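Thank you for making time this morning. I would like to walk you through one structure, beginning with a single strand and working outwards to the chains.

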Amino acid sequence: MKPTTQIAPKLRSGSEILIEALERNAVKTIFGYPGGTIMPVYDALVGSGLKHYLCRHEQGAALAADAFGRVTRKAGVCIATSGPGATNLVTGIANAFMDSVPMVIITGQVPSPLQGTDAFQEVDIFGITLPIVKHSYIVRSVNDIPHIVNEAFQLAQSGRPGPVLIDLPKDISAGMGDVVYTPPLAWPAACPPDTEAMQTAAEMLSRARRPLVIAGGGIAISDSVEVFRQFITRTGLPVTCTLKGLGVIPPDDPNYVGMLGMHGNGAANHAVQNCDLLMVVGARFDDRATGHLAQFAPSARIIHLDIDAAEISKLRKADVAIISELAPALEGIRPAGLANPGWRAQCAGWSKEFAWRYDAPVKGIYAPKLLRDLSRARPVGMTITCDVGQHQMWVAQHCRFNDPLEHISSGGLGTMGYGLPAAIGAKLAKPEATVVCVSGDGSIMMNIQELATLKRYGIDIKILLLDNSALGLVRQWQEIFFEGNYSEVHLADNPDFAAVARAFGIQARSIIEPEEVGDALEWLLNTDTAALLHVSIDSMENVWPLVPPGKPNHKMMRSNPQR
Amino acid sequence: MNHILSIQLSGSAGAVIRTLGLIERRGFSLGTVSVGNVENGGRVMQVEVSSTRPGDLLKRQLERLHDVLHVELKPAGVINPRRPDLRALPGEHK
């Protein structure tokens with residue numbers, strides 16, 4: 001009998017194939033939590049080249065992957081089991097979707113024959129997440145895994161990034177296949193910017209009497225910070241930033257007029273309401289930035305640069321739209337010069353008039369001043385992650401960012417509980433950075449369990465906890481807009497946060513007096529392991545200015561007239 | 001404003017529900033919907049929609065979906081004039 005020369009194809013499990021597909025897409029770090037239907041994948045994880053970080057709640061894993069994706073500009077990966085594991089990821093997926101963050105989510109699913117039978121820990125996570133993913137898959141064959149993983153990474157990372165979910169039934173992850181791997185997919189080339197539109201934009205900028213730029217999160221996402229700075233230096237256009245645009249221009253740049261919007265700076269909001277031409281770069285007219293839309297920048301024509309055609313004229317009609325990568329568009333728009341140098345002087349005047357002040361009489365430690373001091377203590381190489389609430393707005397107002405990736409904040413979704421897992425993701429993405437999580441007493445409790453993750457892996461995060469014994473931003477709104485009818489906002493029965501941290505094995509200190517701030521910040525930043533600084537602040541302190549809902553941006557409140 | 005959308009879809013699981021879900025979520029009310037198969041395993045869908053929101057914006061929102069291969073948008077007569085769930089966009093369109 002003739003001996004066979006054919007080598008039998010090597011059969012491997014779906015989980016082994018998945019792990020190799022992830023490795024081939026350059027994944028080294030994943031965040032997750034094991035459970036029933038994802039167990040074959042956790043089995044294959046042992047001895048693989050992937051470093052898995054066990055978070056202590058799936059939401060923590062998803063939010064850590066989100067921040068990892070923001071800082072690396074590559075998809076962060078998170079993994080969980082079916083049912084509650086998958087539903088616990090949902091907030092993190094929505095967070096990534098709203099802020100255009102690349103993420104790949106892998107969920108276990110009950111075996112294919114059981115799907116649709118209300119099996120134990122079965123939920124339709126594919127259906128639940130349809131509105132909050134860029135795309136999603138249910139894997140139906142072991143041999144589809146490499147192709148699906150490649151496509152998921154390409155989709156998550158290219159164009160306007162976003163989360164992509166892969167739902168993996170247990171019969172597929174445990175089944176056998178003999179796949180041929182194909183290389184990861186190249187990103188599809190984006191359309192080049194339209195030459196005629198760039199020419200029109202340049203002419204409009206040259207002719208405008210009061211032109212202004214809004215810099216958004218898209219500039220960091222597309223790695224266009226340097227090109228944007230060159231554009232601003234070349235043109236001398238005044239610039240305001242959205243929350244997610246903070247850091248695209250250095251805070252001391254003479255063209256910078258500050259952050260616009262509900263808690264923006266007076267200079268920025270006056271500039272935007274008075275401009276006659278608005279060039280919007282990688283931003284989407286979010287309602288927290290525009291205030292009352294119909295009265296937003298009422299005299300301005302609009303030039304809108306974005307890679308996503310669906311953002312053009314969604315909320316404000318664009319007179320000129322350039323749908324492309326931002327860098328070539330910014331390089332191609334070459335206005336002759338500014339027609340009206342007086343406008344720059346006016347913006348500079350507003351910047352001076354509305355400069356932040358730190359001398360207001362306050363009880364105890366003044367959080368804005370403390371945050372300014374934090375930035376001064378570590379002017380370079382610090383990344384700040386935020387939770388959501390008053391402290392988040394104070395960070396945006398008073399910390400100084402030299403790069404947008406130094407400021408990791410949940411913008412679109414406003415996810416309380418983001419700060420601590422985000423700090424984990426940011427630190428693992430950029431180990432050389434000093435990573436400070438600025439949190440509040442409300443937010444920290446939403447993912448407090450991740451203190452265990454810090455301890456478990458020795459992740460060096462500095463937590464600055466601003467404790468006003470209240471859900472401060474809600475309390476502020478109840479004070480101003482609900483006639484002081486406080487409803488479910490008082491947290492005077494908070495735990496002893498320093499003791500909580502110590503119970504997790506994290507060093508901690510508490511301060512209450514302004515004189516203690518300097519030493520305490522030194523201690524926090526120079527401790528060589530994770531540490532928590534608990535800062536008691538006045539529970540009645542408010543974030544100013546505030547554009548009331550339904551009002552245009554220049555109608556800022558600077559205090560509560562009822563007090 | 002009422003429109004008829006002709007949408008070519010990939011044959012992926014969930015493509016139809018993903019597309020219809022986006023249409024409703026983005027503030028368009030669904031009228032008649034018909035779905036058919038095409039030779040390459042894909043689907044073709046004809047959808048009547050009504051909204052105060054601009055149809056070309058919906059077209060661009062649909063074109064973002066990976067499952068959507070092609071969208072054609074045509075104006076249509078009155079389809080469904082008294083739907084209570086139509087939502088206007090904030091502010092005036094300038």
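**A walk outwards from one strand**

Let me begin with one pair of residues: Ile105(A), in strand 5 of chain A, is the bridge partner of Cys78(A). Please keep in mind throughout that this is a predicted model.

That pair belongs to a longer contact, since strand 4 of chain A, residues 76-80, and strand 5 of chain A pair in the parallel sense over five bridges. Between these strands comes helix 4 of chain A, residues 84-98, and the three elements together make a right-handed β-α-β unit. With strand 7 of chain A, residues 163-169, strand 5 of chain A also runs parallel, and here seven bridges join the two; one residue to look for is Thr107(A), whose bridge partner in strand 7 of chain A is Asp167(A).

Is strand 5 of chain A, then, mostly covered or mostly open? Seven of its seven residues, 103-109, are buried. In a regular strand the side chains alternate between the two faces of the sheet. Following the two sides of strand 5 of chain A separately, we find Met103(A), Ile105(A), Thr107(A) and Gln109(A) buried on one, and Val104(A), Ile106(A) and Gly108(A) buried on the other.

Stepping back to the whole sheet, we see six strands of chain A in the order 3-2-4-5-7-6, which form an open sheet with parallel pairing. Strand 3 (51-54) and strand 6 (135-138) of chain A each have a single partner strand, so they stand at the edges and one side of each lacks a neighbour in the sheet. On average, and ignoring direction, neighbouring strands here are turned by 20° against each other. At one of those edges, strand 6 of chain A pairs in the parallel sense with strand 7 of chain A over four bridges, and Asp167(A), which we met a moment ago, is the bridge partner of Ile138(A). Helix 3 of chain A, residues 58-72, packs on this sheet and touches strand 2 (29-32), strand 3, strand 4 and strand 5 of chain A, with its direction at about 165° to that of strand 4 of chain A.

Chain A has another open sheet of six parallel-paired strands, and its order is 11-10-9-12-13-14. Its edges are strand 11 (256-259) and strand 14 (320-323) of chain A, and because each has a single partner strand, one side of each is left without a neighbour in the sheet. The twist from one strand to the next averages 15°. Within this sheet, strand 12 (residues 277-281) and strand 13 (residues 301-306) of chain A pair in the parallel sense over five bridges, with Val281(A) standing opposite Leu305(A). Helix 8 of chain A, residues 195-207, lies across strand 9 (211-215), strand 12, strand 13 and strand 14 of chain A, and runs at about 135° to strand 14 of chain A.

Turning to domains, the assignment for chain A gives domain 1 (12-177), domain 2 (195-353) and domain 3 (367-536). The centres of domain 1 and domain 2 of chain A, taken over C-alpha atoms, are separated by 37 Å, and their contact takes six residues from each of the two. On the domain 1 side, those residues divide into one nonpolar, two polar and three charged.

Finally, how many residues of chain B are in contact with chain A? There are 17 on chain B, facing 15 residues of chain A. Helix 1 (15-25) and helix 2 (55-63) of chain B are the elements that give two or more residues to this side, and helix 1 of chain B gives the most, with four. The chain B side comprises five nonpolar, six polar and six charged residues.

Definitions and conventions: Residues numbered from 1 in each chain as written. Chains lettered and ligands numbered in written order. Predicted model: local features only at pLDDT ≥ 70, side-chain atom pairs only at ≥ 80, totals over all residues. Buried ≥ 20, exposed ≤ 12 C-beta atoms within 10 Å, placed from the backbone. Pairing = 2+ DSSP bridges. Right-handed = clockwise from strand over helix to strand, strands pointing away. Domains from an automatic or database assignment. Contact = placed C-beta atoms within 7 Å. Nonpolar A, V, L, I, M, F, W, Y, C, P; charged D, E, K, R; others polar. Axes fitted to C-alpha atoms, helices over the stretch in contact; angles between N-to-C directions.
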